[in-house]
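Dear colleague,

I am passing on the structure we spoke about, and below it you will find my notes on what turned up when I went through it. Please read them with the coordinates open beside you.

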Amino acid sequence: MELVLPGVGLTFWMLLVFSLLLFLLKKFAWKPILTMLAERENSIEEALKSADQAREQMAKLQSDNEALYKQAREERDQILKEAREMKDSIIGEAKRSAEEEGKRMIMKASEEISKQKTAAIAELKGQVATLSVNIAEKLINNQLSNSEEQQSIIAKQVNSLNNNQQAIA
Amino acid sequence: MPENKELSTIEKLQKFTIIVIFTLFSPIFTFANPTISAIDTANAGKSEQHAVHAEAHDQVKPEAFNPGTMILDHVKDAHDWHILDYTSNGVSHPLSVPLPIILYDNGLHVFMSSKFEHGHAVVESKGNFYKLHEGHIYKTEADGHIEANAKKVVSNAAPLDFSITKNVFALLLGAVIILLVFLTASKGYKKRGVGAPKGIQSLLEILIVFMKDEVIKPSVGKHYAKYLPLLLTIFFFIFINNLLGLIPFFPFGANLTGNISVTLILALFIFIVVNFSGNKHYWKHIFMPDVPVALWILLIPIEILGVVLKPFVLMLRLFANITAGHTIILGFFSLIFIFGQMNIVAGYGTALFSVAFTLFMSVLELLVAFLQAYVFTLLAALYIGSATEEHHHAEEHH
C-alpha cells in the first residue's frame, strides 16, 4: 500500500525540481533550440525555392538564347539574300549601262564615219571639179571653137561623175 | 551582442550545474567516516532498550534471503543509498551511502542519515528525538520507543520529512544531467546557427524533431508551439530518468520514474495545463453535453470524472510500468539466491538462465524506457489537443 501513496518529501522536491528544470530548459534550451530549428526549416525551404527559381530562370535563359540564335540566323539569311540581290542588280545595271555606252559609241562612230564620208565626198567633188576645170581648160585651150557645146558636154560629164559618186556611197 | 551574452549565460549555467553535481556527491566524501553500520558498542549505553536491540542485531546470522523484502526495499524510497550487505564474523552488515535528513518539526532539523545507524540509533536534534522505523522517521522520547499496534500501525508523531532521500538524490542528479545535456546542445545551436548539428546536438535533434513533428504537432493541433517546452521537458525527463534507472550501480538505478510521487507531479502539470487551456467547447462538452437534458445527470458526473481520470491514468501507467520493470529484473536475480540457498549447484545453474533473462529484460526495458516517455507525452498532447480543439463535432462523442 505504501508503494502507491505519494510521500510528502519527494512530492515537494519533485514539484520544486521539475518546475525549476522546466523554467531553465524553457529559457536556455528550448527557446534557442526550437528557434534555430524553425530557422533552419525556413532556410532549407527557401533554398529549395530559390533552386527552383534558378532552374526556371535557366530554362528561360536557354529558350531566350535559342530565340536569339534563331533571330540571328534569320538576320544573316536576310543579309545574305539582300547582298545577293544587290550583287545581281549591280551586275545587271553595269551590263545595261555598258550596253548603252557601246550602242552610244557605235552610233557616234557611225555618225563620225558618215560625217567624214560626206566631207570626203565634198572634197572629192571639189577636186573633181577642179580637175574637171583643169581638163576643161586644157580642152578649151585646145579647142575654143565650140565653147557652148563643149561646156554642156563637160556638165554632162561632171553630173554623171556625181551620180557615180553617189552610187559608190 | 545579445547573442554572445546569452551564450555566456548558458555557459555560466553549465558550469553551475557541474558544481551542483559535485555538491550532490559530497556525501560520498564523508564515506571515509564509515557508514557501515557495524554497531558501535559505545552507543549501547545510550538506552537499555537500544542496547538490547543492538545486541539482538549483533547476533543476527546472515538471515534467510527474502526476495519480497529485497525487491520492495529497492522499488520504495529510502533514506540512505543501500549498496550491498556483507558478512563478517557471521554478522551481516549493510554497506550504504548516507544521505542528508531534513525534517521540519517546529524548525528545521538537518543531519546525515548515517546517524540513524539503519534504524538502530535514536538521533537527538535540537532537543527532539527521532528514530527510523521501517523506512519512516518518527518522533520519539529519548528512549526511542516506537508505539505500534498489532497491525503494525505506528502511533508516534511523524515530522514533515523533506529529506534528500534516494529518489530525491536521483531526481536532483537526473535534473542536473538533463540540464547539462541540453545546455550543451543549446550552446551548439547558438554557435552553429542553422548549420549542420554536431555531437550530442545531432543525437538530441533527432528526438526533438521526432517528438515535435510526429507526436506533438499532429496531436495538439495548430497551437502546438505554446505547449512544446512543457511536453518536451516531460518527454526527456521521463526518458532520461528511465534510462538512468536502468543503470544498476550507484549513483543510478533508483526507481525514480516508478515512484508515485514523481508521476503524480508530472500528471498534475498535465492536469493543470489541460484544464487551464480548455476552451469553451471543452467545458461545454463536460457541462452541457450534446445529449437530451435528462441524460445530463448521468453524463456530467462521468465527464467530470474523466477530467480527473485522464491524468490519473497517466500517473498510474508510468508508475506501474517502471516499477514492474525493476521488479521483474530483481525477481530474476532473486531466483539465483532462492535456488542457491537450496543447493549451491542449483544456484549457479539458475544464474545462467537468470542472467540471460535479465539481459533480455534489460533490453526490453530500454525499449520500455522510451515507450513510456513517448506514450506519456503522446497522451498528454492528445488531451491538450482535445481541450483546445476549435471546431465541434457532435458525432465525436466518446
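In the hairpin that strands E1 and E2 of chain B form, two residues lie between the strands, and one residue to look at there is Asn89(B), which takes a positive phi near 55 degrees. Please keep in mind that this is a predicted model. The two strands of the hairpin, E1 (residues 80–88) and E2 (residues 91–98) of chain B, run antiparallel and are joined by eight bridges, and one of the pairs is Ser88(B) with its bridge partner Val91(B) in E2(B).

Chain B also holds an open sheet of three strands, paired antiparallel in the order E5-E6-E7. Strand E5 (123–125) and strand E7 (136–140) of chain B each have a single partner strand and stand at the edges, so one side of each is left without a neighbour in the sheet. From one strand to the next, the twist averages 35 degrees. Between E5(B) and strand E6 (residues 128–133) of chain B there are three bridges, and Val123(B) has Tyr130(B) in E6(B) as its bridge partner.

Turning to the two chains together, 39 residues of chain B are in contact with 32 residues of chain A. On the side of chain B that touches chain A, two or more residues come from each of helix H1 (2–24), strand E8 (160–161), helix H5 (166–192), helix H6 (200–220), helix H7 (224–246) and helix H8 (260–277) of chain B, and H5(B) gives the most, with 13 residues. Sorted by class, that side of chain B has 27 nonpolar, eight polar and four charged residues.

Which residues touch the most other members of the largest nonpolar core? Among its 72 residues, they are Ile216(B), Leu231(B), Ile234(B), Phe235(B) and Ala380(B). Both chains contribute to this core, since at least two residues are supplied by each of helix H1 (8–142) of chain A and, in chain B, H5, H6, H7, H8, helix H10 (296–342) and helix H11 (344–388). Leaving aside residues up to four places away in sequence, Ala380(B) touches Leu231(B), Ile234(B), Ile270(B) and Leu314(B). Apart from the largest core lies another, of ten residues, including Ile101(B), Leu103(B), Ala121(B) and Ile137(B).

With best wishes

Notes
Residues numbered from 1 in each chain as written. Chains lettered and ligands numbered in written order. Predicted model: local features only at pLDDT ≥ 70, side-chain atom pairs only at ≥ 80, totals over all residues. Pairing = 2+ DSSP bridges. Helix = DSSP H or I, 4+ residues; strand = E, 2+ residues; numbered from the N terminus. Axes fitted to C-alpha atoms, helices over the stretch in contact; angles between N-to-C directions. Contact = placed C-beta atoms within 7 Å. Nonpolar A, V, L, I, M, F, W, Y, C, P; charged D, E, K, R; others polar. Core = buried A, V, L, I, M, F, W, Y, C linked by C-beta atoms within 7 Å. Buried ≥ 20, exposed ≤ 12 C-beta atoms within 10 Å, placed from the backbone.
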